[in-house]
Every structure is written in C-alpha cells, then in structure tokens.
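Please walk through the structure shown here, following how one helix is packed and which charged side chains pair around it.

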Amino acid sequence: MEGETFTVFEDMEPLKAEALVLDTSLLYETNFCYPERKDKNAEQYLDADGGLHYEEAYGIRDDGSVYGNFSVTLPKFNTKIGSYEQLNQQMEKLMELAHEDKDSFFQEIGELEQDEWISWWRKHEYSHLYIGESYISMYYARKGYEGGMRDWRNSMPLIFDRETGLMLHMDDLFTVEKSVYMKRLTIMCW
C-alpha cells in the first residue's frame with residue numbers, strides 16, 4: 001500500500017483505498033443476510049419506483065395463511081447511470097433465472113406430503129450494492145429453508161462495467177492468464 005492507493009500486483013492498475021474497502025467493520029463484512037443493503041451513495045442511482053419485486057406462495061391454508069413462500073428483490077437503475085437500460089436488462093435476466101428456480105421449488109413442494117414442507121421458503125435478493133466511477137458491484141443471494149436445523153444461502157458477487165452495463169468476469173479484471181490469477185487468488189486466501 002502506497003499512500004492512498006493499493007496495488008496487489010505490479011500488472012494490475014492501482015486502486016484507491018476507498019474503492020477497495022468501503023467499511024471494514026464486522027457488521028459490514030458479515031451482514032450478507034440483509035436484503036437490499038447498499039452503499040448510501042447508491043440510493044441516488046436507483047429507480048424511484050423501487051426495484052424489481054416478485055412474490056408468490058405455493059398455496060393457501062384453510063386459515064388463510066400462505067405456505068411455500070417465494071420472493072425476488074433486485075435493484076432497478078435510473079437515468080443517472082448512462083448504461084441503466086443495459087443494467088436493468090441484466091437484472092431482468094436474473095429475474096428470469098429466479099422464476100426458473102421458483103418453478104423447480106414449487107414442483108418439489110408438490111411432490112412431497114404437506115407436513116414435510118410446511119415451513120419451506122425461497123428468496124432471491126441482493127445486498128452490498130456499490131456504485132463506483134468505473135464499476136457497479138453487488139452480492140446476489142439465493143437462500144431458503146427446506147427442512148433441517150437451518151436455512152441455507154448461496155451468495156455470488158456480481159460486477160458490472162458502469163459505462164456499458166455489461167457483467168464482468170474475472171478475465172475482464174486481470175491482465176494475466178487465468179492460471180496465474182487463480183494461483184494468486186488461492187495464495188491470497190490462505
């Protein structure tokens with residue numbers, strides 16, 4: 001670390017410290033289970049009508065309560081980001097994938113006896129939305145409960161190019177071959 005920039009390797013463009021880590025508190029680092037958590041500056045770039053939301057339940061009990069709850073919450077961007085249309089298309093693609101997951105979730109519920117899935121649920125949501133000068137990043141999480149002691153969660157970090165709105169992959173971020181950067185990342189994790 002040199003002054004206000006941070007360089008992991010010589011062949012990477014140096015990052016400003018605030019672009020690398022927004023908040024190092026334990027709350028920020030371990031708070032992945034709260035939907036829609038975002039950097040305070042990201043709010044101005046989100047659509048005023050809210051994000052993309054979808055909720056459906058598999059069924060309704062005799063007492064009127066629902067079961068087999070499924071929901072999706074994703075951001076929707078506004079015109080303050082030039083690539084907002086492309087970004088919103090990316091969110092729509094995530095919504096389509098979530099609907100495919102809903103279909104399989106509901107099918108699985110339909111194949112079981114009622115007492116086996118009485119408290120099952122599934123959610124797709126985002127957290128830790130950060131909008132920087134060059135990149136937009138967020139965690140996309142798929143989580144649920146299908147019996148057992150605890151719920152489960154799969155989180156996937158997503159990075160988008162702010163100018164184009166396209167999703168970036170590791171190869172887009174590194175200037176070296178995959179075998180080299182994967183070795184570096186593995187070493188860095190230990």
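The paragraphs below take up the helix, its cover, its salt bridges, the nonpolar core and, last, a residue at the surface.

The model is a predicted one, and a convenient place to enter it is helix α3, which runs over residues 84-110. With 27 residues at 1.5 Å a residue, this helix should span 39 Å, and because its end C-alpha atoms are 39 Å apart, the expected span and the modelled one agree.

Which residues of α3 are buried? They are Leu87, Asn88, Gln90, Met91, Leu94, Met95, Ala98, Asp101, Lys102, Phe105, Phe106 and Ile109, a list in which charged and polar residues stand beside nonpolar ones such as Leu94 and Phe105. The cover over these buried positions includes the strands β3, β4 (66-74), β5 (121-131), β6 (135-145), β7 (152-161) and β8 (167-168).

Gln90 gives one example of this packing in detail. This residue of helix α3 has a relative accessibility of 9% and therefore counts as buried, the cut-off being under 20%. Once its neighbours within four places in sequence are left aside, Gln90 is in contact with Phe160, Gly165, Leu166 and Met167.

Further along the helix the charged residues come into view. Side chains of opposite charge can pair when their charged atoms come close. A search of the whole structure finds 6 salt bridges, and one of them joins Asp101 to Arg122, with the closest N and O atoms 2.7 Å apart. Since Asp101 lies in helix α3 and Arg122 in strand β5, this pair ties together parts that are 21 residues apart in sequence. Both Asp101 and Arg122 are buried, the value for Asp101 being 10% relative accessibility.

Asp101 also meets Arg142 in a salt bridge, at 3.1 Å from N to O. Here the partner of the helix residue sits in strand β6, so the pair ties together parts that are 41 residues apart in sequence. Arg142 is partly exposed, because its relative accessible area is 26%, whereas Asp101 counts as buried. Taken with Glu146, the residues Asp101, Arg122 and Arg142 are linked in a network of salt bridges.

The next residue of the helix, Lys102, forms a salt bridge with Asp103, where the closest N and O atoms are 3.7 Å apart. Lys102 counts as buried at 11% relative accessibility, while Asp103, with a relative accessible area of 46%, is partly exposed.

How many residues make up the largest nonpolar core? There are 27, and those with the most contacts inside the core are Phe77, Leu129, Ile131, Ile136 and Met138. At least two core residues are supplied by each of β4, α3, β5, β6 and β7, and the largest share, 8 residues, comes from α3. The surroundings of Ile136 show how such a position is enclosed: not counting residues up to four places away in sequence, Ile136 touches Phe77, Ile81, Leu87, Leu129, Tyr130, Ile131, Leu158, Ile159, Phe160 and Arg162.

Ile60 offers a contrasting case to close with. Is this residue of strand β3 (residues 52-60) buried or exposed? At 60% relative accessibility, Ile60 counts as exposed, because the value is over 50%. Leaving out residues up to four places away in sequence, Ile60 touches Ser65, Val66 and Tyr67.

Definitions and conventions. Residues are numbered from 1 along each chain as its sequence is written. This is a predicted model: local features need pLDDT of at least 70, side-chain atom pairs count only at pLDDT 80 or more; totals for chains, interfaces and linings use all residues. Side-chain values use heavy atoms; hydrogens and water are left out. Buried means under 20% relative accessible area, exposed over 50%, partly exposed in between (1.4 Å probe, protein chains only). Contact means heavy atoms within 4.5 Å. Helices (H or I, at least four residues) and strands (E, at least two) are DSSP runs, numbered from the N terminus. The expected span of a helix is 1.5 Å times one less than its number of residues. A salt bridge is a side-chain nitrogen of Lys or Arg within 4 Å of a carboxyl oxygen of Asp or Glu. A nonpolar core is a set of buried Ala, Val, Leu, Ile, Met, Phe, Trp, Tyr and Cys residues joined through side-chain atoms within 4.5 Å.
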